[in-house]
Amino acid sequence: MELEALQGIDSEVKDLGAQIVVLTPELERYTRALHKKLNVTFDILTDLHLKIAEQFRLLYVLPDYLRELYTSVGNALDRFHDEPEFRLPMPARYVIDKRGIIRAAAVSADYTIRPEPSDTLNVLRALKTKARQVA
């Protein structure tokens, strides 16, 4: 659902001079299939072994009871993420300018809470307006 929501704003994001890039722990063979299935127009990159999530301190280690549950239903993170330690990234969305400065961030330890795409568009619109005023 998240990717579809982002796809829904991608053209306006581009019109605002920005681009969407998704970072996921899933291995490339799975993201390629997802990219094709959903026909998304932005990049989906793999955060292999969660190195970027580590740098941003966005790692969540699944507790034992969830590890057992995941394993019992055949959901093995090691297969999809090459992650034997049962770690997942927290959902996060950043707006980063061309100089690498984070201009907005939304992070939640609850994977069901995601920022609204319209919130991201509002941040981009405000940044574009501010840039025009400075120029």
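This passage describes strand pairing, a surface patch and the setting of one helical residue in a predicted model.

In the first pair of strands considered here, strand β1, which spans residues 21-24, is joined to strand β2, spanning residues 43-46, by 4 bridges, and the two strands run parallel. Between them the chain passes through helix α2, made up of residues 28-38, and the resulting β-α-β crossover from β1 to β2 is right-handed. Within this pairing, V21 of β1 stands opposite D43 in β2.

V21 also contributes to the surface, since its relative accessible area of 41% falls between the limits of 20% for buried and 50% for exposed residues, and V21 is therefore classed as partly exposed. Together with L23, L45, I52, F56, I96 and I102, V21 forms a nonpolar surface patch, for which the combined accessible area is about 560 Å².

A second pairing, antiparallel in its direction, connects strand β5 (residues 92-96) with strand β6 (residues 102-107) through 5 bridges. These strands form a hairpin in which 5 residues lie between β5 and β6, and in the turn G100 has a positive phi of about 85°. R93 has A106 in β6 as its bridge partner.

R93 is also touched by a residue of a helix, as T120, located in helix α6 (residues 117-134), makes contact with both R93 and V95 when residues up to four places away in sequence are not counted. The relative accessibility of T120 is 13%, which is under the 20% limit, and T120 therefore counts as buried.

Notes. Residues are numbered from 1 along each chain as its sequence is written. This is a predicted model: local features need pLDDT of at least 70, side-chain atom pairs count only at pLDDT 80 or more; totals for chains, interfaces and linings use all residues. Side-chain values use heavy atoms; hydrogens and water are left out. Buried means under 20% relative accessible area, exposed over 50%, partly exposed in between (1.4 Å probe, protein chains only). Contact means heavy atoms within 4.5 Å. Patches are made of residues with over 30% relative accessible area and no salt bridge: like charges are joined within 9 Å, nonpolar side chains (Val, Leu, Ile, Met, Phe, Trp, Tyr) within 5 Å. Accessible areas come from the Shrake-Rupley method with a 1.4 Å probe; for residues, only the protein chains shown count as cover. A salt bridge is a side-chain nitrogen of Lys or Arg within 4 Å of a carboxyl oxygen of Asp or Glu. Two strands pair if DSSP finds at least two bridges between them. A crossover is right-handed if, with the strands pointing away from the viewer, the path from the first strand over the helix to the second runs clockwise.
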